[in-house]
Amino acid sequence: MPRKYYGAFSHMKTELLNGGERREGIMASVCRFHVERPVYQQEELNDEYKSERTSCKSLDDLQSSHRKFRLSSCLTTLIPALNWLVHYQVKDDLFKDCIAGITVAVMHIPQGMAYAMLGNVPPVVGLYMAFFPVIIYSFLGTSRHISMGTFSVTCLMVGKVVLEHSQPMAATLVPDGNSTDVNATSTLPRLAAATPVEVATTVCFIVGMYQLVMYVMRLGVLTSLLSDTLVSSFTAAAAFLVITSQIKDILGIQMPKKYSGNFSIIYTYIAFFQSIDSTNKAALTVSLITITILWSYDDIVKPRLRQVTSVPIPIELIVILAGTLISRFTPLIDENHIRTVGHIAVGLPEPSPPRFDLIPSLLGECFSIAVVAYVIAMSMALTFSTKLKYDLDANQEFLAQGVSNVFGSFFSCMPISASLSRSVIQQVVGGKTQVAGLVSSSIIFCVLLWIGPFFEPLPRCVLASLIVVAVKNVLLQVRAFPKIWRLSFLDGLVYILTFLTVILVEVDIGLIVGFSVSLASILIQGIRPYCCLLGRVPNTDIYVDKTRFNTVDMPGIKIVHYSGGLNFANRGYFKSGIHNLLHFWPRQEINRRNQMIKSNKVGPLEFSNPMNCLILDLAAMHYCDPAGVNTLRSIGEEFKELSIPVYITGASGPVYESFQNNDLISQNLFHFFPTVHDAVLYDQIIRLESANTIIQPLPEENSSTL
C-alpha cells in the first residue's frame, strides 16, 4: 500500500533595517512537497534495489595492484623528500624556509643545552640532537612544520633512566686483577659501569628500534586511542617534574642525593627544605632576574610584538648571551661560586655504537619513552596538518623517528621528539617545508665546530630558569581540569589519575595507568549506550526522543531507539534497557500467565497486552555479534509468546547481514523495515485488515495524509 505525506521547505529571508543593517531569518514554510511510495519491508527493498554484496579484493584486483607496483613509488613512500623536493618552489618557499630555519636554530641552541641537563648528560648532547637526527627526519618525515630535537618531557624520562643505570666513570673496562667480584673469572675482563652518555645513547637506540617495529606492525592507528585529556594530563604532570628537577640549580644548592622510584617527588621536596639554608643567594638572584625577564617577555611583550611582526625576538638566546658575557668578563660568578655549564667539546662526536650489553636492563623503560616521544610529535604534527590542510602518514612518522633515533644513537644523542615552542615559531614565521629543518641543522653544525666553547662560562641557573619558563604553559594546562571534570566524570578521572600517578609513582607507569583508565572509560561508555523511546513529530514521518521533543503518541505502538554496538559485553544492558523503558518485563508476564492458566483462573485467550506491537529502531546500531543476535532472538521469542509482534527498523547492511548469517531472519520472529514509519504504517494496515480487531487511526493534522 503506498503512503503519502507532506513536508515543507524553508529558506533564508534578508530584511533591510533602518541604517542599512541587514538581518537574516528563516521564513515560514512557503513550499510543500508530496511523496508517494510503497510501504517496504526490508526484504522487498533488498530484492528491488540491492546491488551485489561487497567483499574483499578479488585475485584480479590483487594482480592489478601488483602490476601497478613500481620501485619509484616505493622509494617515494619510504623517503617522502624524493616527492616534495621535485615540486619545491624555490622562488616562493626558500626564503621563508631559511628565515624559519635560522629562527628555530637560534631557539634550539639554548633549549638544546638546557634540556640536555634534564637528561643528566652534558649540554653539548642537546646540540648533537639538533643536528644528526633532524637531518634524517627532514628526509623521512611527513610533517612540514614540527621542529624535532630536544623536548623537556622525553629528556626528563631519559634522565630518570640515566640516573638509575649509570655512573660517571671514564673507563669502560676494569682489569680482572682489580676486581673484587667473587663471580669474576681470571680470563675475561669485567665491564665497567656505563657513563651517562652511554646509557642515553643506548636508550636512544632501543627507542628507535621500538618505533621501527611499530612501523612494521602498522601501529600508527593506535595513537587515536590516546585522548587529548590523557596527553594534556600527562604532559602537565611531566612539566611539574621538569620544574622540580631544576629547583636545585635555581637555588644553587647541592642535593645530598638524587631520588628515584615511588614517591621520589616527596623525598625530593623534603630534601629541598632540609637544604634551604645552603641556598646560594647570588644564584637565586640571577635565577629570579632571568625568570622575570623571560616571563615578562612571554606575557607582556610577545603578544604586542606579534601584532607588529611575525618574526620573534630570540629572547632566550639574548638571555644566554648576556649570562655568558657577564660570567666571562666579571668576577660575579667565580666570587659567588655559581656553577657553570663547563667544558663543551668542539667538533662532531666520533661515531660509536651504543652499549648493547645494557639493552636487556633498559627494554621495559624505553618502551614508554618511545610511545611518549611519538605521541607528542604526532599530536603537534596533526595540529599543523589540520590547520594548513595537508596529509600526514602516521606509520611513516614511526619510520622517520625510528631511523632518526637509531642513527642518532651512534652520535651521542638522546631520543628526539617535537618541541611545541619551536614548532609554533617555525610555522608562524612562515616555514613551508622540511628545508627549514635542514637550514637549522646547518647553523647548529657551525655552532658545534666553532661557537660551542663560547658558552662554557654560562651559569647553570640561567639554563634552569629558561627551562622553567619554557614549560610553564604546559604546566598551566591543569587549569582546564575543573572544566573537564564538569563536562565528563570519566575524562576527569582519567586526568587526575594520570597526573597523580606520573608525579607520585613513575612517568612510564603514569602513562600506562592513564591509557588503561582511558580504555576503561571507552568500554564503560560502550557498555551503556544511548537508549530511548521515540514519538512522532506532528505532520511528519520523523520520530524523535520523547523526552526531548513534543511528540504525538502512537496508540498501541511502542518505539525503542538504540544507539551503539550490540555485543556480549552490553547485551544485558540492551535487554534490561528495553524492559525498563517499556515498564514491561515479558518473562515475568509469561510466568504470571502460566500460573493463572494452571490455576484455571483465566483462559489462554483472555489476556490483554499493554501494547499492540514493539518497534526496535536499530538505525544507529553499527555492529552486532553472535551474542547480540541471540539476545535479540530471546526478545523476539518472549514477545512472540505474548502475541506481541516485534518489528526491527533501519538495520544497516552489515548488521542485517549479521542477522542473516546467524539465522535470525529465517526464524520469523521479527519483521524488518527500512524506516520506523514503514513499520508504523504496516502495523496500521495489519490491524485494519484484521476482521476481529478495532483500532484507532493515527492522530493526524489536516496538513498530513496517510
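This report walks through the predicted model, from its overall make-up to its cavities, pockets, cysteines and two unusual backbone angles.

## Overall make-up

Start with the broad picture. The chain runs to 706 residues, and 48% of them are buried. Its secondary structure adds up to 27 helices and 14 strands. If you look at contacts with a separation of 6 or more, 81% come from residues 24 or more positions apart.

## Annotated transmembrane regions

The unreviewed UniProt entry carries the annotation "transmembrane region" for residues 124-140, 199-217, 229-247, 259-276, 358-382, 435-455, 461-481 and 493-524. That label comes from the record, and such annotations may be inferred rather than shown by experiment.

Two of these spans can be checked against the model's backbone. Residues 124-140 are 88% helix and 0% strand, with 25 Å between the end C-alpha atoms. For residues 199-217 the figures are 95% helix and 0% strand, and the end C-alpha atoms sit 27 Å apart.

## Enclosed cavities

How many cavities of 30 Å³ or more are there? The count is two. The largest has a volume of about 120 Å³, and 15 residues line it. Val134, Ser138, Ile146, Gln426 and Gly437 are the ones nearest its centre. Helix H5 (90-118), helix H7 (132-140), strand E5 (147-149) and helix H18 (435-451) each give two or more residues to this lining, and H7 has the largest share, with three. By class, the lining splits into five nonpolar, nine polar and one charged.

The second largest cavity has a volume of about 70 Å³. Its lining is made up of Leu226, Leu230, Val231, Phe234, Thr235, Val371, Val372, Val375, Ile376 and Leu511. Helix H10 (228-251) and helix H15 (359-388) are the elements that give two or more residues here. In class terms, that lining is nine nonpolar and one polar, with no charged residues.

## Open pockets

Now for the pockets. The largest holds about 900 Å³ of space and has 44 lining residues, with Asn120, Leu163, Ser245, Lys248 and Lys258 nearest its centre. H5, helix H8 (152-165), H10, helix H11 (264-274) and helix H21 (489-504) each supply at least two residues of that lining. H10 gives the most, with six residues. The class breakdown is 22 nonpolar, 14 polar and eight charged.

The second largest pocket comes in at about 730 Å³. It has 36 lining residues, and those nearest its centre are Met107, Asp298, Lys302, Ser421 and Ile425. Two or more residues each come from H5, helix H12 (281-306), helix H13 (315-329), helix H17 (420-428) and helix H19 (460-475). H12 is the top contributor, giving eight residues. This lining divides into 22 nonpolar, eight polar and six charged residues.

## Cysteines without a bond

How many disulfides does the structure hold? Zero. A disulfide is a covalent bond between the sulfur atoms of two cysteines. Cys204 and Cys413 make a handy case to look at. Why is there no bond from Cys204 to its closest cysteine sulfur? That sulfur belongs to Cys413 and is 6.1 Å away, so it is too far for a bond; the cut-off for a disulfide is a sulfur pair within 2.5 Å.

The relationship goes both ways, since the closest cysteine sulfur to Cys413 is in Cys204. Buried or exposed, where does Cys204 fall? Cys204 counts as buried, at 1% relative accessibility. Cys413 is buried too, with a relative accessible area of 0%.

## Positive phi in two loops

Most residues other than glycine have a negative phi. Against that background, His337 is worth a look: its phi is near 55°, a positive value in a residue that isn't glycine. His337 lies in the loop between helix H14 (332-335) and H15. With 66% relative accessibility, His337 counts as exposed, the cut-off being over 50%.

Ser643 is another one to check. Its phi is positive, at about 65°, although Ser643 is not a glycine. You'll find Ser643 in the loop between helix H25 (626-641) and strand E13 (646-649). Ser643 counts as exposed because its relative accessibility is 58%.

Notes: Residues are numbered from 1 along each chain as its sequence is written. This is a predicted model: local features need pLDDT of at least 70, side-chain atom pairs count only at pLDDT 80 or more; totals for chains, interfaces and linings use all residues. Side-chain values use heavy atoms; hydrogens and water are left out. Helices (H or I, at least four residues) and strands (E, at least two) are DSSP runs, numbered from the N terminus. Buried means under 20% relative accessible area, exposed over 50%, partly exposed in between (1.4 Å probe, protein chains only). On a 1 Å grid over the protein atoms alone, a cavity is a set of points where a 1.4 Å probe fits but cannot get out, and a pocket is an open set with protein on both sides within 12 Å along at least five of seven lines; lining residues have an atom within 4 Å of a point. Grid points are joined across faces, edges and corners, and a volume is the space filled by probe spheres set on the points. Ala, Val, Leu, Ile, Met, Phe, Trp, Tyr, Cys and Pro count as nonpolar, Asp, Glu, Lys and Arg as charged, and the others, Gly among them, as polar. Contact means heavy atoms within 4.5 Å.
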